[in-house]
Each structure stands twice: as structure tokens, then as C-alpha cells.
Amino acid sequence: MSHVRLRGLSKSFGSVPAVRELNLDIEHGELLAVLGPSGCGKTTLLRMVAGFERPDAGCVVVSDEVVAGPGRMVPPEKRKVGMVFQDYALFPHLTVEGNVAFGLSTRPREERDALTRRTLELVGLQHKASGPVYELSGGERHPLARALAPEPELVLLDEPFSNLDASLRAGLRREVELILRDAEATALLVTHDQEEALSLADRVAVMRDGSIVQVGPPVEVYGSPATRWAAQFVGEVNVLSGVARGGGVETELGIFDLREPASGSVHVAVRPEQLELSTRDAGNAEVIAREFRGHDVLYRLRHEGGKTLLVQLPSLELHEVGDAVFVRPASPAAVTALTD
């Protein structure tokens with residue numbers, strides 16, 4: 001039985017549906033990311049799990065307890081759920097230790113002190129326990145310790161890195177992941193940041209217009225998108241038309257292997273790194289833009305058929321804007337036939 005079960009969850013605000021009959025499972029110790037654009041309903045979903053919004057229909061089950069459902073609405077503070085807000089919401093008048101212990105006020109003193117001490121050690125802040133929170137660095141201010149201190153059944157993270165600058169974000173993501181793993185915590189992260197979801201999560205649920213359109217490991221969501229929209233939302237992609245015959249599809253760029261057999265006219269999702277460029281053959285495309293990223297380069301090409309293509313290559317050999325190049329499938333390059 002899954003540790004967290006969401007069944008038929010729906011929520012509307014007036015006549016506007018935010019979440020539509022949503023089903024989702026989270027396993028014990030799993031970090032699941034809900035990834036979607038602004039306005040897709042992911043924050044409303046998180047607030048229903050936390051207990052800040054009452055579902056119009058459906059139920060939320062955490063560790064075999066129904067915390068929201070027909071005739072039942074357990075208040076947030078009794079759900080054994082830890083919440084990490086987007087704006088951090090630390091208490092400036094409390095010490096670092098006081099912030100961590102805040103959610104433990106109902107515990108016996110000895111237990112509260114032990115949990116606070118253990119949590120501060122887990123996140124590496126035991127040496128700053130008695131200091132004020134304003135002395136913490138941007139990364140140290142992250143309120144994960146306060147969320148973990150009560151030993152919750154589930155940790156909810158609402159766009160937890162969005163207020164940090166780029167230099168802090170990547171390092172803190174990895175630290176937060178290690179802390180959650182060490183604590184064997186079950187966590188639900190909502191984010192619009194694709195890199196964040198793909199790099200952190202065990203599984204990613206892609207959300208659109210209040211519904212989940214695909215759930216799977218990051219490599220599957222990226223490599224085998226379920227729909228054309230999912231392919232275009234998660235990462236850069238070229239959508240090509242072609243004719244499928246069994247295990248392959250013939251396109252204007254050449255033949256790609258198919259991950260799943262298909263037949264007839266199809267559209268396929270081709271990632272930029274699944275194409276390669278050559279200057280040894282007569283050119284079939286022109287480089288019209290180049291984005292140098294250090295370890296790799298993203299090229300924008302105008303193909304002779306009129307289509308604009310994206311190609312990502314290591315920065316070992318650079319092509320200049322205006323160069324005539326020959327673009328073709330990289331080998332191996334297995335692609336997925338898309339549904340609308």
C-alpha cells in the first residue's frame with residue numbers, strides 16, 4: 001500500500017476548476033515532484049494535501065489515515081505533515097534552535113530537546129543553534145530543519161528554491177536531497193523548474209490544467225514523453241513528422257529507432273542531443289543562432305525544408321553562425337511517437 005494516496009481529488013474556485021479528479025501515489029521514502037506551469041493547479045494540490053484547502057471531491061490518505069475526504073477534514077497541525085513554504089517564513093524573534101523547535105511545543109521537554117538537537121545535526125547547523133536566524137546565510141536559512149523536526153509522515157515543498165539566486169540554487173538542491181535521503185523522508189515537491197524536478201525526484205508527475213498527464217522516473221518523462229505538450233514542456237525538443245514502420249520512423253532528417261513499435265503517419269519527439277552535425281557532407285541546414293553554455297552548445301538551425309531545429313552538442317568543436325551544416329540523427333537515437 002502506498003504511503004500517500006490521492007484519489008479523485010477535485011477543487012474549483014467559483015466556476016474555475018483548479019484540480020480535476022486527480023489520482024497520485026507516493027511511496028514511503030520517495031521524493032516525488034509535481035512539475036507544471038504556473039496556474040496548472042500544483043499549489044492547490046499541495047494545499048489540499050497540507051490541509052489548507054478542503055477538496056470538493058476525493059480523498060487524501062497519509063500513512064493509512066484519511067486526512068481529507070467526504071465528511072472528514074483533519075486540520076493541518078494534526079496531519080503529521082511538514083511544510084516548506086516558498087517564502088521560508090522563519091521567525092526573526094527566535095533563535096535557530098527556537099525555529100526548529102517551534103513545531104514541537106506539544107512534545108515533552110526531553111523529547112523536544114532531543115529531536116531539535118538531532119535535526120540540527122542532520123542539517124549541519126548545530127554550531128549555530130543559539131544564534132539569531134538573520135546571521136544565517138541564504139542557504140542555511142532554508143527551513144527544512146523545522147519541517148523535519150517533528151518527524152512528519154510527509155514533507156511538502158512548495159517551490160522551495162525559487163527565492164535563491166542561481167549560485168546558491170544548485171548546491172542547496174543537492175544538500176536538501178541528501179538531508180531528505182538521510183532522514184528517509186517521504187516528500188512531495190511542487191515546482192515549475194524542469195531541472196529541479198528532473199535532478200531531484202525519484203519520479204516526476206507532469207501536471208497540466210488540473211490533471212496529471214504523465215508520471216514516471218525522470219529519464220522516462222524526459223526520454224519518452226506521453227503527449228506532444230509534455231514533450232514541449234519538459235526540456236527542449238524538435239517535433240518531427242514521419243512515417244512509422246515497426247521499430248523505425250522515417251523523417252526528413254533520416255530514420256530514427258522507435259522506443260515502441262508504431263505504424264503509419266506519426267509525430268516524434270527528438271531531443272536536441274539526439275541530432276548531430278557534420279561539415280563533411282553537403283549542407284542541408286544553416287546555423288542561425290548559437291548559445292554557448294560552456295560544457296555544451298545549443299544551435300538553432302534553419303533546415304532546407306523550412307523547419308527550425310535545435311541541436312545540442314559538446315563544445316569541443318564549434319560551428320559559427322552562418323555555417324552550412326548537415327544535420328542527421330545521432331546514433332543511437334531512439335524516439336517516441338507522440339499523442340496529441
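Me: Which residues line the second largest pocket?
Reply: This is a predicted model, and in it the lining is made up of D193, Q194, E195, L198, Y222, G235, E236, P272, E273, R293 and Q312. The pocket's volume comes to about 320 Å³. Helix α6, residues 194-200, gives the largest share of that lining, with three residues.

Me: What makes residues count as lining a pocket?
Reply: The cut-off is an atom within 4 Å of a grid point of the pocket, so each residue on the list, Y222 and R293 among them, passes that test.

Me: How many cavities of 30 Å³ or more does the structure hold?
Reply: Two. The second largest has about 30 Å³ of space in it, and L31, L157, P160, F161, V176, L180, L189 and L200 line it.

Me: Why is something called a cavity and not a pocket?
Reply: A cavity is a set of points where a 1.4 Å probe fits but cannot get out, whereas a pocket is an open set. The space lined by L157, L189 and other residues is listed as a cavity, so the probe fits there but has no way out.

Me: Why is L157 called buried?
Reply: Buried means under 20% relative accessible area, and L157 has 2%, so the label fits. L157 sits in strand β8, residues 154-158. Its C-alpha is 4.6 Å from that of L189, although 32 residues separate the two in sequence.

Me: Is T44 buried or exposed, and how do you know?
Reply: Buried: the relative accessible area of T44 is 13%, and the limit is under 20%, so T44 qualifies. T44 belongs to helix α1, residues 42-50. Once neighbours within four places in sequence are set aside, T44 touches K11, F13, A18 and V19.

Me: Which residues have the most contacts inside the largest nonpolar core?
Reply: L6, V34, L45, L156 and L188, in a core of 29 residues. With neighbours within four places in sequence left out, L45 is in contact with L6, L9, V19, L22, V34 and M207. There is also a second, separate core of 23 residues, including V249, L258, V270 and Y299.

Me: How do you know that two strands pair?
Reply: The rule is at least two bridges between them. Strands β3 (residues 31-35) and β10 (residues 203-208) have four, so they count as a parallel pair. One of the matches is A33 with V204. On the antiparallel side, β10 and β11 (residues 211-216) are joined by five bridges, with R208 opposite S211. The hairpin of β10 and β11 has two residues between the strands, and D209 there takes a positive phi near 50 degrees.

Me: What makes β14 and β17 edge strands?
Reply: Their sheet is open and antiparallel, with five strands in the order β14-β18-β15-β16-β17. β14 (275-278) and β17 (308-314) each have a single partner strand, so one side of each is left without a neighbour in the sheet. On average, neighbouring strands here are turned by 45 degrees against each other, direction ignored. For β14, the link to β18 (residues 324-329) is four antiparallel bridges, and L277 faces V327 there.

Key. Residues are numbered from 1 along each chain as its sequence is written. This is a predicted model: local features need pLDDT of at least 70, side-chain atom pairs count only at pLDDT 80 or more; totals for chains, interfaces and linings use all residues. Side-chain values use heavy atoms; hydrogens and water are left out. Axes are lines fitted to C-alpha atoms, for helices over the stretch in contact, and angles run from 0 to 180 degrees between N-to-C directions. Buried means under 20% relative accessible area, exposed over 50%, partly exposed in between (1.4 Å probe, protein chains only). Contact means heavy atoms within 4.5 Å. A nonpolar core is a set of buried Ala, Val, Leu, Ile, Met, Phe, Trp, Tyr and Cys residues joined through side-chain atoms within 4.5 Å. On a 1 Å grid over the protein atoms alone, a cavity is a set of points where a 1.4 Å probe fits but cannot get out, and a pocket is an open set with protein on both sides within 12 Å along at least five of seven lines; lining residues have an atom within 4 Å of a point. Grid points are joined across faces, edges and corners, and a volume is the space filled by probe spheres set on the points.
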